[in-house]
Structures are given as C-alpha cells and as structure tokens.
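Got your viewer open? Load the model, and let's walk through it one selection at a time.

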Amino acid sequence: MNPWIFESWLMLVVLVAAIAIKGFAFVNAVTYSAEAYHAAGKLTKQAWCLITGLGFAAQLILLGSPLNIISLIFTIAALVYLADVRPALREVTSGRR
C-alpha cells in the first residue's frame, strides 16, 4: 500500500472531523440565550458565536490542511467551548434554551 494514499485519507478524515467539530460548536453556541452565558459566568454569547463562527468559516474557506496554525487555533477554541462552556450552559439552563 502506498503510504501517500494512507496519508491523504487520514488528512481527509481529520479535515471532516475539524469541520464537524467547528460546525457543531457554532450551531450549539447560537442556540443558547445570552442570559445563559452570563449566568454561567462565561464569555458573552456574541464572543463565542464570533469565535466559533469564524473558526467554522475559516475551515470552510481554507479547505487545505486542517493542521495549519489558523485551523489549529480555532479547533482548540471549539474544543474549549465544547468541553467547558457547553456543559456550564447545559447546567444553567437545565435542558431549556
């Protein structure tokens, strides 16, 4: 098996995963109310929507390598949102949005 084919498929999987993570984080950030962000003690809704939205848009526009510095920064930001902010918002809203 040609190692370049394996690398190409692996990069495609990483690219699709990065798009999915950033897209999910953006859509999820939009669905919560601004009051929920304030009650959870996190950045504002506008800030998180801007961060995750820019990351998602940048990933779609720069469909090249998911391992470039811009993509990595926004992927980390989306993962921080999903690991820290989203659980706090869910706790504050108790399932209500």
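Before we start clicking, one bit of vocabulary: an axis here is a line fitted to C-alpha atoms, for helices over the stretch in contact, and the angle between two axes runs from 0 to 180 degrees between N-to-C directions. Keep in mind too that this is a predicted model.

**Stop 1: the whole chain**

Begin with a cartoon view of everything. You'll find four helices and zero strands, and from the N terminus on the elements run α-α-α-α. The C-alpha atoms fill a box of roughly 55 × 20 × 15 Å along the principal axes. There are 97 residues in the chain, and 29% of them are buried. If you look at contacts with a separation of 6 or more, 69% of them involve residues 24 or more positions apart.

**Stop 2: α3 against α4**

Now select α3 (45–61) and α4 (69–93), and hide the rest. Their axes lie 9 Å apart, and the helices pack at an angle of about 140°. That falls short of the cut-off of over 145 for roughly antiparallel, so α3 counts as oblique to α4. The crossing of this pair is left-handed.

To see what makes the contact, show side chains. On the α3 side, pick W48, I51, T52, L54, G55, A58 and Q59. On the α4 side, pick I70, S71, F74, A77, V80, Y81 and V85. Colour them by class and you get 10 nonpolar, four polar and no charged residues.

**Stop 3: α1 against α3**

Swap α4 for α1, which covers 3–31. How far apart are the axes of α1 and α3? They are 8 Å apart, with a packing angle of about 155°. The two helices are therefore roughly antiparallel to each other, and their crossing is left-handed.

For the α1 face, select L15, A18, I19, K22, G23, A25, F26, A29 and V30. Opposite them in α3 are K45, W48, C49, T52, G53, G55, F56, Q59 and L60. This contact has 11 nonpolar, five polar and two charged residues.

**Stop 4: α1 against α4**

Keep α1 on screen and bring α4 back. The axes of these two helices come within 9 Å and cross at roughly 50°, so α1 and α4 are oblique to each other. Their crossing is left-handed.

Select A18, I21, K22, F24, A25, N28 and A29 in α1. They meet S71, F74, T75, A78, L79, Y81, L82 and R86 in α4. By class, that gives 10 nonpolar, three polar and two charged residues.

**Stop 5: the nonpolar core**

In soluble globular proteins, nonpolar side chains tend to be buried together. Let's see where that happens here. The largest nonpolar core has 13 residues, and those with the most contacts inside it are A29, Y32, Y37, W48, Y81, V85 and L89. Select those and show them as spheres. Each of α1, α2 (34–40), α3 and α4 supplies at least two residues of the core. Which helix gives the largest share? It's α4, with five residues.

**Stop 6: two core residues up close**

Centre on W48. Which residues does W48 touch, not counting those up to four places away in sequence? They are A29, Y37, K42, L43, G53, A77, V80, Y81 and V85.

Next, move to L89 in helix α4. Its relative accessibility is 0%, so L89 counts as buried. Leaving aside neighbours within four places in sequence, L89 is in contact with Y32, A36, Y37, A40 and Y81. For a sense of scale, draw a distance line from L89 to L10: these residues are 79 apart in sequence and 33 Å apart in space, C-alpha to C-alpha.

**Stop 7: out to the surface**

Finish with two alanines. Is A39, in helix α2, buried or exposed? With 52% relative accessibility, A39 counts as exposed. Draw a line from A39 to T93: their C-alpha atoms are separated by 9.0 Å, although the residues are 54 apart along the chain.

The other alanine is A47, in helix α3. A47 has a relative accessible area of 23%, so this residue is partly exposed. Its C-alpha atom is separated by 9.6 Å from that of A29, 18 residues away along the chain.

Key: Residues numbered from 1 in each chain as written. Predicted model: local features only at pLDDT ≥ 70, side-chain atom pairs only at ≥ 80, totals over all residues. Heavy atoms only, no water. Core = buried A, V, L, I, M, F, W, Y, C linked by side-chain atoms within 4.5 Å. Buried < 20%, exposed > 50% of the residue type's maximum accessible area, 1.4 Å probe, protein only. Contact = heavy atoms within 4.5 Å. Parallel < 35°, antiparallel > 145°, perpendicular 65-115°, else oblique. Left-handed = near helix turned anticlockwise from the far one by under 90°. Nonpolar A, V, L, I, M, F, W, Y, C, P; charged D, E, K, R; others polar.
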